[in-house]
Amino acid sequence: MKGILKFLAAAKLVELSDEEKLKLHGVAPDDELLINQAASEFTDETAGTNPPPLPNTSDAGTSLAPAINPPIAYAAADVAGGKSFEDIFKSAQIPDSPFPAERLLRLLDGLRAMDEATRKAAVHAMDAADDNWTIDDSIIDAQRKIAALEDYQKALESQLTANQQQVITEVADLKAAEERAVTEIRKQIAEMERLLAREIQKTAEQITNLEGGQKSAMENCEREVKRLQAEVERLREIPAQFSH
C-alpha cells in the first residue's frame with residue numbers, strides 16, 4: 001500500500017494529506033524534503049514497471065448489495081436551497097464509511113493523467129493492499145448519498161409544487177373575494193344611482209311646481225294690473241271732463 005501511494009505521489013498523480021504523509025514516511029508533515037526524497041527513490045525503483053493488474057474477483061462468490069436507506073421524509077424546515085451536502089447526508093442519517101465516496105473521487109481526480117485501465121488497476125491495487133477498506137465501501141457510500149440527494153431533490157420539487165399549489169389557491173381566493181367585492185360595490189352603486197335618479201326627479205318636480213306657481217302668479221299679476229289700469233282710465237274720464 002505504501003509503495004503504491006509513494007508511486008502515485010512521486011508521479012504527482014495524487015496529493016497526500018498531512019496525515020497520509022505522516023503515516024507513509026514516518027516524518028512530520030512539514031518535512032517535505034524527506035518526503036520528496038523518499039518518493040523519488042521509489043519512482044526510480046518502479047521506473048519502467050507496468051501498472052498493477054486488476055485483482056480477480058470472479059470467484060468471490062458474493063455480489064455487492066446496495067445498502068440504500070429508505071426514502072427520507074424531509075420536514076419543510078429541513079428543505080432549503082443552498083443546503084450543504086454534509087447537512088443533507090446528516091439528515092439522511094448516512095453512516096460513516098471506511099472509505100467515503102468523496103475520498104475515492106479525490107483519488108480518481110489525482111489519477112486523471114492515467115488511462116482508464118491503469119487508473120482502475122491502481123485503485124484495485126490499493127484496495128487489495130489495505131484490509132481497512134474496499135472499493136465496495138465507496139460504492140455503497142456513493143449509492144447511499146445518491147439516494148439521499150435524489151430524495152432531497154424530490155423534496156425540493158415537492159415543496160415547490162406545494163408552494164405553487166398554495167399560490168394558485170390563494171390567487172383563486174383573492175380573485176373570488178375581489179369578485180364578491182365588485183358585485184357588492186356594483187350593487188351599492190346601482191342602489192345609489194336609483195336614489196340619485198329619484199332625488200333628481202324629485203328636485204325636478206319641485207322646481208317645475210315652483211316655476212309653474214311663479215308663472216301663474218305672474219299671469220295673475222298681469223291680469224290684475226290690466227284690470228286696475230282699465231278702471232283707472234275709466235275713472236279719469238270724470239276729472240278730465242269736469243275739473244275746469
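## Salt bridges along α7

Glu231 counts as partly exposed, with a relative accessibility of 33%. In this predicted model, the side chain of Glu231 meets that of Arg234 in a salt bridge, 2.5 Å from N to O. The two residues both belong to helix α7, where they sit three residues apart, about one turn of the helix. Elsewhere, salt bridges that share partners join Glu102, Asp141 and Lys145 into one network. In total, the structure counts seven salt bridges.

Another of these bridges links the side chains of Arg194 and Glu191, at 2.3 Å from N to O. Arg194 and Glu191 are also three residues apart in α7, so about one helical turn separates them. Glu191 is partly exposed, at 36% relative accessibility.

## Asp141, Lys145 and Pro100

Let us go back to the network. Its members Asp141 and Lys145 form a salt bridge in which the closest N and O atoms are 2.9 Å apart. Because they lie four residues apart in helix α7, about one helical turn separates them. Are these two residues buried or exposed? Asp141 has a relative accessible area of 3%, so it is buried. Lys145 is buried as well, with a relative accessible area of 12%.

Pro100 brings another part of the chain to this site. It is placed in the loop between α4 and α5, and at 26% relative accessibility it counts as partly exposed. Which residues does Pro100 contact, leaving aside neighbours within four places in sequence? They are Ser138, Asp141 and Lys145. Pro100 and Asp141 are 41 residues apart in sequence, yet their C-alpha atoms lie 6.1 Å apart in space.

## An aromatic pair between two loops

The structure holds two aromatic pairs. One of them, formed by Phe99 and Trp133, is stacked: the ring centres are 3.9 Å apart and the planes make an angle of 20°. Phe99 comes from the loop between α4 (85–91) and α5, while Trp133 comes from the loop between α6 (116–129) and α7 (135–242), so the pair ties together parts that are 34 residues apart in sequence. Phe99 and Trp133 are both buried.

## The nonpolar cores

Both rings of that pair also turn up in the largest nonpolar core, which has 10 residues: Phe99, Leu104, Leu107, Leu111, Met114, Ala122, Val123, Met126, Trp133 and Ile135. At least two residues of this core come from each of α5 and α6. Helix α6 gives the most, with three residues. Apart from this core lies another one, of six residues, including Ile88, Phe89, Ile94 and Ala148. As background, nonpolar side chains tend to be buried together in soluble globular proteins.

Ile135, a member of the largest core, touches Val123, His124 and Asp127 when residues up to four places away in sequence are not counted.

Helix α5 deserves its own look. Which residues of this helix, spanning 101–110, are buried? They are Ala101, Leu104 and Leu107. Seen down the axis of α5, these buried residues fall within an arc of 120°, which means that they line one face of the helix. Leu104 and Leu107 are also members of the largest core.

## The overall fold

Stepping back, the protein has seven helices and zero strands. Read from the N terminus, its elements run α-α-α-α-α-α-α. The protein has 244 residues, and buried ones make up 20% of them. Of the contacts between residues at least 6 apart in sequence, 69% join residues at least 24 apart.

## Where to trust the model

How confident is the prediction, and what is its mean pLDDT? The mean for the protein is 78, and 66% of the residues reach 70 or more. Confidence is highest in α7, at 94, and lowest in helix α3 (residues 32–45), at a mean of 39. The salt bridges Arg234–Glu231, Arg194–Glu191 and Asp141–Lys145 thus have their partners in the helix of highest confidence.

Residues 25–67 call for a little care. Over this stretch pLDDT stays under 50, and the model has 41 contacts beyond four places in sequence for it. Where pLDDT is low, the predicted coordinates should not be read in detail.

Notes
Residues numbered from 1 in each chain as written. Predicted model: local features only at pLDDT ≥ 70, side-chain atom pairs only at ≥ 80, totals over all residues. Heavy atoms only, no water. Buried < 20%, exposed > 50% of the residue type's maximum accessible area, 1.4 Å probe, protein only. Arc of directions from axis to C-beta. Phe/Tyr/Trp six-rings, centres within 6.5 Å; stacked < 30°, edge-to-face > 60°. Core = buried A, V, L, I, M, F, W, Y, C linked by side-chain atoms within 4.5 Å. Contact = heavy atoms within 4.5 Å. pLDDT = per-residue confidence, 0-100. Salt bridge = Lys/Arg side-chain N within 4 Å of Asp/Glu carboxyl O.
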